[in-house]
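I opened my notebook beside the structure. I wanted to look up strands, helices and a few single residues in turn.

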Amino acid sequence: MINSMSGDIQPKVSIENISYWYGDVQALKDVSLEIPSHAITVLFGPAGGGKTTLLRLINRLNDLVDGTRMTGRIWLDGEDIYGPRIDLPTLRRRVGMVFALPLPLPGTVRENVIYGPELAGVVDPAAQDEIVVRCLKQAALWDEVVDRLDDSARSLSGGQQQRLCIARSLALAPDVLLLDEPTSGLDPISTAKVEATLEELKADYTIVIVPHSIQQAARIADWTAYFLMGEMVEYRPGEEIFVYPHDQRTEDYITGRFG
């Protein structure tokens, strides 16, 4: 049975009895949860818990990995994303992903943002300009790069590059934004800017993030799932799980008694 939220909150993504194997190694064990729209859902826990694997399954990145096997279903707005009629390019436009290491593309700041829309057929300069301004503003980067749009993206600081990668993901207007430890290599000031950006973005997007620390999880989570060795131990509102976790294993991890 899927771990449900209150009846007045509709899930954007529903994960139903997902188990996943890399060869003989089971990375996820019968995981079920519902991810709400317009909220930040945090997946936290020790390394090797299956958090990143679950992110990658939500936009089917692991289709590219040989020797894997999955059981269960994942639904996006009620559609089985592993069903026979799903169009993968469309799915990956609807579900963007930002990784731990900022990876700007070769080229300018502007070219990075419009790369995806150009591939999708947006060639009108005015439309491209609108996308650049909108996405850089949404990523809280516009004021810092408004005079640097024609500079190399790789001339930006690490924190700016990460926000540029967020802007690039937003350029295709996804429904869901997945982030895998997006601030793990950033300084505290840049980390705070990315966290503030995510708080703003959740008004328009569904956000799922693997944080780089328990402290970050507690700061930004609307909903929180604790993962341990492939098992989802518990899934509850963020303000609750960090104050009074239901499972002793969660409490032990939060309080530093293990992990």
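How many bridges join strand 7 to strand 8? I counted 5 bridges, and the two strands run parallel. I noted that this is a predicted model, where local features need pLDDT of at least 70, side-chain atom pairs count only at pLDDT 80 or more, and totals for chains, interfaces and linings use all residues. Residues are numbered from 1 along each chain as its sequence is written, and side-chain values use heavy atoms, with hydrogens and water left out.

**Entry 1: strand 7**

I wrote down the terms before going on. Helices (H or I, at least four residues) and strands (E, at least two) are DSSP runs, numbered from the N terminus. Two strands pair if DSSP finds at least two bridges between them. Strands of a sheet pair through backbone hydrogen bonds, either parallel or antiparallel.

Strand 7 covers residues 176–180. I looked at its other partner, strand 6 (residues 95–98). Those two strands run parallel and are joined by 4 bridges. I followed Val176 to both sides. Val95 stands opposite Val176. In strand 8 (residues 206–210), the bridge partner of Val176 is Thr206.

Is strand 7 mostly covered or open? It is mostly covered, with 5 of its 5 residues buried. Buried means under 20% relative accessible area, exposed means over 50%, and partly exposed lies in between (1.4 Å probe, protein chains only). I checked each face. Val176, Leu178 and Asp180 are buried on one side. Leu177 and Leu179 are buried on the other.

**Entry 2: the antiparallel sheet**

I turned to an open sheet of 4 strands. Its order is 2-1-4-5, and the pairing is antiparallel. Which are the edge strands? They are strand 2 (25–36) and strand 5 (79–80), and each pairs on one side only. Inside the sheet I picked strand 1 (residues 11–22) and strand 4 (residues 68–76), which pair over 8 bridges. Glu16 stands opposite Arg73 in strand 4.

Helix 1 (residues 51–58) packs on this sheet. The helix touches strand 1, strand 2 and strand 4. Contact means heavy atoms within 4.5 Å. The direction of helix 1 makes about 65 degrees with that of strand 2. I noted that axes are lines fitted to C-alpha atoms, for helices over the stretch in contact, and angles run from 0 to 180 degrees between N-to-C directions.

Why is helix 1 largely enclosed by the rest of the structure? I found that 6 of its 8 residues are buried, so the helix is largely enclosed. Among them are Leu54, Leu55 and Leu57.

**Entry 3: helix 6 and its two neighbours**

I looked up helix 3 (residues 109–119) against helix 6 (residues 158–170). Their axes come within 7 Å and cross at roughly 30 degrees. The two helices are therefore roughly parallel. Angles under 35 degrees count as roughly parallel, over 145 as roughly antiparallel, 65 to 115 as roughly perpendicular and the rest as oblique. Val109, Asn112 and Val113 of helix 3 meet Leu164, Ala167 and Arg168 of helix 6.

Next I took helix 6 with helix 7. Their axes come within 9 Å and cross at roughly 20 degrees. That makes helix 6 roughly parallel to helix 7. From helix 6 the contact uses Gly159, Arg163, Ile166 and Leu170. From helix 7 it uses Ser190, Lys193, Val194, Thr197 and Leu201.

**Entry 4: single residues**

Glu195 is in helix 7 (residues 188–201). Is Glu195 buried or exposed? At 9% relative accessibility, Glu195 counts as buried. Leaving aside neighbours within four places in sequence, I found Glu195 in contact with Gln216, Arg219 and Ile220.

Ala47 sits in the loop between strand 3 (40–44) and helix 1. Ala47 counts as exposed, at 82% relative accessibility. Ala47 and Gln216 are 169 residues apart in sequence and 16 Å apart in space, C-alpha to C-alpha.

Last, I checked phi. Most residues other than glycine have a negative phi. Asp30 has a positive phi of about 55 degrees although it is not a glycine. Asp30 is found in strand 2. Met229 also has a positive phi, about 50 degrees. Met229 lies in the loop between strand 9 (223–228) and strand 10 (231–237). Met229 is exposed, with a relative accessible area of 61%.
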